Amino acid sequence: MAGGGGAERVRAGGLLPSARRQPRRRESRERLSVCSKLCYAVGGAPYQITGCALGFFLQIYLLDVAQLDPFSASIILFVGRAWDAVTDPMVGFFISKTSWTRFGRLMPWIIFSTPFAVISYFLIWFVPDISRGQVMWYLVFYCIFQTLVTCFHVPYSALTMFISREQSERDSATAYRMTVEVLGTVLGTAIQGQIVGKAVTPCIESPHFIGEANSSVAMEELNMTHDTGSLTDTRNAYMIAAGVIGGLYILCAVVLSVGVREKRESSELQSDEPVSFFQGLKLVMNHGAYIKLIAGFLFTSLAFMLLEGNFALFCTYTLGFRNEFQNVLLAIMLSATLTIPLWQWFLTRFGKKTAVYVGISSAIPFLIVVVVLDSNLIVTYIVAVAAGISVAAAFLLPWSMLPDVVDDFKLQHPDSHGHEAIFFSFYVFFTKFTSGVSLGISTLSLDFAGYQTRGCSQPSDVNFTLKMLVSAVPVGLILLGLLLFKLYPIDEEKRRKNKKALQDLREESNSSSESDNTELASIV
């Protein structure tokens, strides 16, 4: 006790000169090292690696490997995404109620959810040897994984506000993050696609080509000769890919937790006052800039999610590139990764709203070309590379603009604290819920069109439906989203004014704190 009191007196005695030096030390702490930015960025990879693998391959896996009918697959995809969407705001609310620990407020969620998320992810890609209950198996483990990955990703997204108070540093860290996240999509596509691509999934010829009289016999013979061989190899390949991705998930979580320190003083939104879920929802829904931002990105994100969810089937059946679709997907993701720095420079040079219009709209002509021209592998690769440039913009811009909205909220509600996670989680909620609806509807539309599970080819109605799902519908959604962006009020001028106003508030707060410290030192 005595030692503690003496130390306190020493600190108090040296408080006045310390207060004079405080602004310089704070200024130096605002800059993030490259190592910190890289470690922070690596934390975004698990969500993208697993999300890309599930987005591109889960639908075709359920239909052609697990051999579920399209209706059951649509139920799994819709309910899983809808459940994932519901958990986002709930996790955001619980995070806002979490007390600070020596590891931070967000980091414990990331650390403790990781091992359970990896286990549930692996079980999604396992085909249980049961005659009934397969639908429940995939539905349960898909929902469990989505819940656990939400416990990782929502606090990680909110961590952006706790690494620095400077917009430029947050934007720079976000660019690092987006580069690594798109690289994560490359890894997810490469690992899943290349490992699974080495195994040949057997297909069944349509009865129209086999002959009505012998169709059932031919199908039975094909099942007997291939199910025990090629199909087993394909299932094993999916599990191997899941194991590799699970190992990367754990590695990235370790790098994030070791290399990034959550800074409590980096955010002004700190409060011990409890905020109810509905109070948080009301605050979020009443902030006009936030609603307009998520409305625009809602439709543009839906466009790319529809493309992601149906592109493997489109390449396999409509274009006829059964053995090349994983390489086409890889070309898209590689192109997106390489052009992230380009879009970071572009938004710094010309502004974020301009980057939205140029970057996202650039995908439209290529989405049209890929369905208008006859099937050609070289043209498909060219379109894939060009589409990847637009995918990069769609990845980078939402997460670069959300912190601007949070800053705008701070200025309008200076006495309202602790809502960063709610802002980020509600954005994810809206995009995931609508993507779940869209994926469910798209899979059902394939069922209505006559999709044949494990078919070597599909009816013309299915091919037409796939063209609509990867071209016409995404183009319409992109155009609608860009129109809504016209209403978004935070342009570059507004952003600069907000930045200056926040700096003034912080300087005023620091000045008040230093005045209190000086008064305390005088008393002591």
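Let me start with one contact: the side chain of Trp83 makes a polar contact with the side chain of Thr147, at 2.6 Å. Please keep in mind as we go that this is a predicted model.

So where does Trp83 sit? It lies in helix H5. At 40% relative accessibility, Trp83 counts as partly exposed. If we leave aside the neighbours within four places in sequence, Trp83 is in contact with Cys143 and Thr147. You can also look at Ile144: the C-alpha atoms of Trp83 and Ile144 are 9.3 Å apart in space, with their positions 61 residues apart in sequence.

Trp83 is also part of a group on the surface. Together with Val86, Met90 and Phe94, Trp83 forms a nonpolar patch, and the four share about 360 Å² of accessible area. Met90, one of those four, is found in helix H5, which covers residues 70–97. Met90 counts as partly exposed because its relative accessibility is 33%, and partly exposed is the range between 20% and 50%.

Now stay on helix H5 and turn to Arg81, which is found there as well. Is Arg81 buried or exposed? At 11% relative accessibility, Arg81 counts as buried, since the cut-off for buried is under 20%. The side chain of Arg81 makes a polar contact with the side chain of Tyr142, at 3.4 Å. And which residues does Arg81 contact, leaving aside its neighbours within four places in sequence? The list is Gly55, Tyr142, Gln146, Met305, Glu308, Lys432, Ser435, Gly436 and Leu439.

Just ahead of this helix there is a backbone detail to show you. Gln67 is placed in the loop between helix H4, residues 45–64, and H5. The phi angle of Gln67 is near 60 degrees, which is a positive value in a residue other than glycine. Gln67 counts as partly exposed, with 32% relative accessibility.

Let me step back to the whole chain for a moment. The secondary structure comes to 19 helices and zero strands. The protein chain has 524 residues, and 53% of them count as buried. Its accessible surface comes to about 22,700 Å², with 64% of that belonging to carbon and sulfur atoms. As for contacts between residues at least 6 apart in sequence, 86% join residues at least 24 apart.

Next, the cysteines, for anyone thinking about disulfides. The structure holds zero disulfides. Cys39 is in none, and the nearest cysteine sulfur, that of Cys35, is 4.1 Å away. Why does that pair not count? Because a disulfide needs the two sulfur atoms within 2.5 Å. Cys39 counts as buried, at 12% relative accessibility. Cys52 counts as buried too, at 2%.

My last stop is Thr316, in helix H12, which runs over residues 288–318. Thr316 counts as buried, with 5% relative accessibility. What does Thr316 touch, not counting residues up to four places away in sequence? The answer is Ile60, Phe321, Arg322 and Phe325. Gln326 is ten residues from Thr316 along the chain, and their C-alpha atoms are separated by 9.6 Å.

To close, let me return to helix H5. Arg81 in that helix counts as buried, whereas Trp83 counts as partly exposed. Thanks for listening, everyone!

Conventions. Residues are numbered from 1 along each chain as its sequence is written. This is a predicted model: local features need pLDDT of at least 70, side-chain atom pairs count only at pLDDT 80 or more; totals for chains, interfaces and linings use all residues. Side-chain values use heavy atoms; hydrogens and water are left out. Patches are made of residues with over 30% relative accessible area and no salt bridge: like charges are joined within 9 Å, nonpolar side chains (Val, Leu, Ile, Met, Phe, Trp, Tyr) within 5 Å. Accessible areas come from the Shrake-Rupley method with a 1.4 Å probe; for residues, only the protein chains shown count as cover. A salt bridge is a side-chain nitrogen of Lys or Arg within 4 Å of a carboxyl oxygen of Asp or Glu. Helices (H or I, at least four residues) and strands (E, at least two) are DSSP runs, numbered from the N terminus. Buried means under 20% relative accessible area, exposed over 50%, partly exposed in between (1.4 Å probe, protein chains only). Contact means heavy atoms within 4.5 Å. A polar contact is a pair of N or O atoms within 3.5 Å; within protein, one must be able to donate a hydrogen and the other to accept it, and residues adjacent in sequence count only if both atoms are side-chain atoms.
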